[in-house]
Amino acid sequence: MTKLEPGYIRALASQFGRLIGSDCVLTDPDLTAGYSRDITGRYGLDAAPIVLRPRSTADVATIAAFSAKESLELIPQGANSGLVGGGVPRFPHQIVVSTAGLRTAQPHQGWVTVGAGITIAEVHEMARAQGLAYGLDLYANPFVGGSIATNARGARAYRNGDSARQVLGLEAVSAFGAIESNLGGGQPGIDWLRMLPGSEGTLGIITAADLRLIPAFTQRATAFLGLASMEAAVQAIELLKDNPAVEAVEVMLSAGLQFVCTTLNLTPPVRGEAPVYLLVEAVGNSNPTDLLIEALGELPDGLVLNDALGDDETSRRALWRFREGFPEACNQFRPLKLDVSVPLAGYAKFMAQLPEVVTHVEPGVTTVLFGHGAWGNAHVNLINVQDPVAAAEATFGLVASLGGNFAAEHGIGFSKARWADQYLPPERLRQMRDLKHLLDPNGLLNRGVIFAD
Ligand SMILES: Cc1cc2nc3c(=O)[nH]c(=O)nc-3n(C[C@H](O)[C@H](O)[C@H](O)COP(=O)(O)OP(=O)(O)OC[C@H]3O[C@@H](n4cnc5c(N)ncnc54)[C@H](O)[C@@H]3O)c2cc1C
């Protein structure tokens with residue numbers, strides 16, 4: 001099937017309406033459009049023919065069972081904040097299953113049980129109500145299900161662990177419509193639910209999760225540092241990331257900061273030029289400013305050229321505004337986004353060489369680089385790209401030559417699937433394919449994501 005004929009769409013929509021309620025089935029293009037294209041504007045359709053909005057796990061199971069019987073392809077969708085084209089339909093015959101209606105929420109002492117459609121901001125609120133915190137902290141506000149499916153990380157992940165580390169239990173619907181759960185406790189033997197973090201909607205549809213909460217730090221202090229070189233920045237990252245008071249070390253290159261300041265009309269936070277900037281955050285239950293100053297004092301002389309300190313909420317937020325302004329400014333130019341990581345040993349080389357490597361194949365491109373420095377992550381934003389495949393291949397080639405990962409925290413999705421065979425270790429790829437075949441033999445869940453074929 002390559003196309004859904006209008007008559008077939010109507011018949012299918014009424015069938016789904018009978019199964020889960022007609023108000024949960026969208027076919028009006030004005031309504032389906034919002035679920036059809038991703039946030040980058042690069043992936044998806046103008047308007048998917050059918051979007052389903054189940055209200056319960058039982059609804060999701062009904063949808064999956066019916067779709068398995070009729071060989072219908074499903075695209076699980078969360079908040080649609082993903083950046084690799086994985087949560088939107090690529091072909092008109094693919095049916096979007098939005099998890100926005102799965103909104104149960106139950107607090108427990110030290111953990112919560114939430115539906116897949118609860119947002120991360122809402123989990124933070126639930127945690128705060130208990131005087132605790134949730135370990136995942138992103139500039140975006142994804143759903144719980146989407147964040148687990150992509151195994152999202154963020155600036156504090158090197159301390160708190162990725163999304164998978166926050167999960168105590170999961171409930172999910174299989175490709176055949178079976179509801180499986182280890183909420184409230186584990187299952188004996190092999191448990192496929194544990195394979196769901198990072199599976200990007202290809203193995204099952206996550207419907208609920210038990211999430212652990214962690215002790216909250218009540219106070220934060222932030223420094224914005226201009227470093228003498230990328231090598232100096234890496235030296236500083238190595239020292240700062242192991243300091244127990246430090247929770248985030250973010251990297252921004254000078255050209256990118258200038259671009260952000262010009263695009264968003266901001267005045268740079270520090271006086272004077274530096275080739276690279278770090279944003280460092282220290283946490284504590286009493287004012288951690290002294291701890292931060294102490295940590296910075298341990299850096300060798302000459303590394304830091306200039307700095308600004310945010311020791312109260314307003315000045316701290318003002319410094320983060322520059323780091324958070326990177327995606328905001330880049331997104332105004334519809335960039336090609338490639339999220340990669342390299343070991344810190346090769347990080348300086350990567351940051352220095354990438355702009356040239358890219359302009360070698362795509363002369364007019366502006367490369368904006370920033371990322372979660374603590375673990376060698378780089379959000380590569382390429383502006384004015386004419387040939388995305390050539391630009392991506394040049395980037396991934398450099399990443400591979402430095403022993404890095406072509407997909408860091410955003411996932412492989414649809415946009416990087418064509419390179420999975422080339423850049424994933426063969427044995428790991430074989431295991432992933434075998435698992436996919438076992439759990440979804442007809443390839444109905446998120447076809448084209450992670451695996452190109
Ligand atoms: C400004 C900005 C900043 C960001 N910062 C970060 C960051 O710091 N770190 C980071 O890791 N990511 C970041 N992201 C990327 C994005 O927020 C994450 O990938 C997020 O986890 C996606 O969740 P979502 O709910 O939006 O899922 P979607 O985008 O809707 O879907 C993402 C993938 O998960 C699958 N999926 C969604 N829900 C389910 C479900 N219930 N069951 C099974 N599969 C499902 C989809 O099929 C798709 O493959 C950022 C994005 C933006 C726009």
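The questions and answers below walk through a predicted model.

Visitor: Which element gives the most to the shell around the ligand?
Guide: Three elements each supply at least two residues of that shell: β3 (74-77), α5 (144-149) and β10. One of them leads with 4 residues. That element is α5.

Visitor: Which residues come nearest to the ligand?
Guide: The shell around the ligand holds 37 residues. They divide into 17 nonpolar, 17 polar and 3 charged. Those that come nearest are G78, G82, G86, G145 and G146.

Visitor: Which residues of β3 point the other way from L74 and P76?
Guide: In a regular strand, side chains alternate between the two faces of the sheet. L74 and P76 share one direction in β3. All four residues of the strand, 74-77, are buried. Pointing the other way are I75 and Q77.

Visitor: Which residue of β4 stands opposite I75?
Guide: β3 pairs with strand β4 (residues 95-98). The pairing is parallel and runs over 4 bridges. Opposite I75 stands V96.

Visitor: Why is strand β8 described as largely enclosed by the rest of the structure?
Guide: β8 covers residues 167-174. Burial here takes 20 or more other C-beta atoms within 10 Å of a residue's own. The strand is largely enclosed because the buried count among its 8 residues is 7.

Visitor: How many bridges join β8 to β10?
Guide: β10 spans residues 204-212 and runs antiparallel to β8. One facing pair is A172 with I206 of β10. The number of bridges between the two strands is 7.

Visitor: Which residue in the turn between β8 and β9 has a positive phi?
Guide: β9 (residues 179-181) is joined to β8 by 3 bridges, antiparallel. V173 has I179 of β9 as its bridge partner. The two strands form a hairpin with 4 residues between them. A phi of about 95° belongs to G177.

Visitor: What length does α3 reach from its first C-alpha to its last?
Guide: α3 (residues 57-70) has 14 residues. At 1.5 Å a residue, 20 Å is expected, and the helix comes close to that. The computed reach is 20 Å.

Visitor: Which residues of α3 are buried?
Guide: An α-helix has 3.6 residues a turn, so residues three or four places apart point the same way. The buried set in α3 includes such spacings, for example V60 and A64. In full, it is T57, D59, V60, A61, I63, A64, S67 and A68.

Visitor: Which residue takes a positive phi just after α3?
Guide: α3 runs over residues 57-70. Just beyond the helix, phi is about 55°. The residue is S71.

Technical notes: Residues are numbered from 1 along each chain as its sequence is written. This is a predicted model: local features need pLDDT of at least 70, side-chain atom pairs count only at pLDDT 80 or more; totals for chains, interfaces and linings use all residues. The expected span of a helix is 1.5 Å times one less than its number of residues. A residue is buried if 20 or more other C-beta atoms lie within 10 Å of its own, exposed if 12 or fewer, and partly exposed in between; C-beta atoms are placed from the backbone. Two strands pair if DSSP finds at least two bridges between them. A residue is near a molecule or strand if its C-beta atom, placed from the backbone, lies within 6 Å of it. Ala, Val, Leu, Ile, Met, Phe, Trp, Tyr, Cys and Pro count as nonpolar, Asp, Glu, Lys and Arg as charged, and the others, Gly among them, as polar.
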